[in-house]
Amino acid sequence: GMEKDIIASASQVGVEVVLSASFALGDHTEIEIAVQRVKKAGAYVILCPVFDSDLAALASIADAAGVLNKGYAWVLLSSTNPADVVAASADPAASQRQLSGWFQANLNLVAKGDVQQISASLAAEPVQNLNHSLLAGSLVPGWNAGQVCDQYCATLYDAVWTAAIAIGRTGVGADGSVDNAKLLSEIRHVSFNGASGFVGFDAIGERDVRAQALQLSNLRP
């Protein structure tokens, strides 16, 4: 969902996305292939949502490929912590050199409207206001009263409701078990207005992002 939304949003502001490349977590061969594709495509600004565990390998491979030189701009999400990656690296000095000058930016889900009421057949008492319940400390055991639910919290909340609605439709076995294949199939047909925006899924199971937006902000070195 993120990839589609970024490409669509970029085109609206006159930014051409020349390549979208991905790799499996921890697969250095796929990382190298992705980097070579970036180089071949002539991309000079690279938005890189990557886990910390892959960042050192990515930087090293990109360095060897000559795409960390002057003229290239690599942008990480603010959730990535280069300092931790450098500290954990087998060669901190090399990692520090390779990661210096990378930009970081916030990529936030912009919910459409206020947190909305969510109801389902399983709900004995639907939550009227998610933030209100969290602020009161009544919804989640151990939640600190006064702590506001951000987009990650809202997305997780909707994910739990998605599973609950699907289980309500498929039912459970006498032993309390769930048929995973039936559950996955039913999840793809779930749709509702959730705390993070409209919840629904496309033909391949990706979250439908038509009612959402991603905002890139706080771009900084």
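In what order do the elements of the chain run from the N terminus on? They run α-α-β-α-β-α-α-β-α-α-α-β-β-β, and the secondary structure comes to 8 helices and 6 strands, where helices (H or I, at least four residues) and strands (E, at least two) are DSSP runs, numbered from the N terminus. This is a predicted model, in which local features need pLDDT of at least 70 and side-chain atom pairs count only at pLDDT 80 or more, while totals for chains, interfaces and linings use all residues. Residues are numbered from 1 along each chain as its sequence is written, and side-chain values use heavy atoms, with hydrogens and water left out.

Confidence is given by pLDDT, the predictor's confidence in each residue, from 0 to 100. The chain averages a pLDDT of 74, and 72% of the residues score at least 70. Among the elements of the chain, α2 has the highest mean pLDDT (93), whereas helix α6 (residues 130-135) has the lowest (44). Over residues 110-141 pLDDT stays under 50, and the model has 61 contacts beyond four places in sequence for them, a contact meaning heavy atoms within 4.5 Å. Where pLDDT is low, the predicted coordinates should not be read in detail.

For the chain as a whole, 31% of the 221 residues count as buried, which is to say under 20% relative accessible area with a 1.4 Å probe, protein chains only. Of the contacts in the chain with a separation of 6 or more, 62% are accounted for by residues 24 or more positions apart.

A part to follow in detail begins with strand β1, along which the side chains alternate: I46 and C48 point to one face and are buried, while V45 and L47 point to the other and are not. β1 and β2 pair in the parallel sense over 4 bridges, pairing requiring that DSSP finds at least two bridges between two strands, and the bridge partner of V45 in β2 is A73. The chain crosses from β1 through α3 to β2, and this β-α-β crossover is right-handed, so that, with the strands pointing away from the viewer, the path from the first strand over the helix to the second runs clockwise.

Helix α3 itself (residues 52-64) has 13 residues that should span 18 Å at 1.5 Å a residue, and its end C-alpha atoms are 19 Å apart, which agrees; the expected span is 1.5 Å times one less than the number of residues. The buried residues of α3 are D54, L55, A57, L58, A59, I61 and A62, and what covers them includes α2 (28-41), β1 (45-48), β2 (73-77), α4 (82-88) and α5 (92-99). Just after α3, G66 takes a positive phi of about 80 degrees.

Technical notes: Buried means under 20% relative accessible area, exposed over 50%, partly exposed in between (1.4 Å probe, protein chains only).
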